[in-house]
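Hi,

Here is the structure I said I'd pass on. Have a look at it first, and my notes follow below.

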Amino acid sequence: MIESYQKILESETVSETQKSIAQTEIQNINNTKNKIMICESLIKTKGIEDLIIFVNDKSISVVVRADKLEQEQIAQIQNV
């Protein structure tokens, strides 16, 4: 997505309004990436090392590699 928006910014045939929208979208994507990295780090401090976070428009999913999660661990992940 960032590459597509970057191409819009580099294009000479795109309006300034479209470039502004592209720049805003790039900032939104980067903000989301930073938030994901922070969340991953916080969860790792709870002792869960192997995880991935998926962000959709209406939900966030955290997938962890573990044989079993205790209720306390689940609550900690949800709090993050």
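I'll start with the second largest pocket, which holds about 190 Å³ of space. Keep in mind that this is a predicted model. The residues lining this pocket are Ile29, Thr32, Lys33, Ile36, Val55, Asn56 and Asp57. By type, that lining splits into 3 nonpolar, 2 polar and 2 charged residues. Helix H2 is the top contributor here, with 4 residues.

Now for the largest pocket, with about 230 Å³ of space. Its lining includes Thr32, Lys35, Ile36, Cys39 and Ile43, along with Ile53, Val55, Ile60 and Val62. Ile77, Gln78 and Val80 line it too. You'll find 9 nonpolar residues in this lining, plus 2 polar and 1 charged. H2, E1, E2 and H3 each put in at least two residues, and H2 again gives the most, with 5. If you want to go back and forth between the pockets, Thr32, Ile36 and Val55 appear in the lining of the largest and also in that of the second largest.

Since H2 keeps coming up, what does this helix look like? It runs over residues 16-44, 29 residues in all, and spans 42 Å from its first C-alpha to its last, close to the 42 Å expected at 1.5 Å a residue. Which of its residues are buried? Lys19, Ala22, Ile26, Ile36 and Ile43 are. Helix H1 (2-10), strand E1 (51-55), strand E2 (60-64) and helix H3 (71-79) are among the elements that cover those buried positions. Ile36 and Ile43 are therefore worth finding on screen: both are buried in H2 and both line the largest pocket.

Cheers

Key
Residues numbered from 1 in each chain as written. Predicted model: local features only at pLDDT ≥ 70, side-chain atom pairs only at ≥ 80, totals over all residues. Heavy atoms only, no water. Expected span 1.5 Å × (residues − 1). Buried < 20%, exposed > 50% of the residue type's maximum accessible area, 1.4 Å probe, protein only. Contact = heavy atoms within 4.5 Å. 1 Å grid on protein atoms, 1.4 Å probe; cavity = no way out; pocket = protein on both sides within 12 Å on 5 of 7 lines; lining within 4 Å. Points joined across faces, edges and corners; volume = space filled by probe spheres on them. Nonpolar A, V, L, I, M, F, W, Y, C, P; charged D, E, K, R; others polar.
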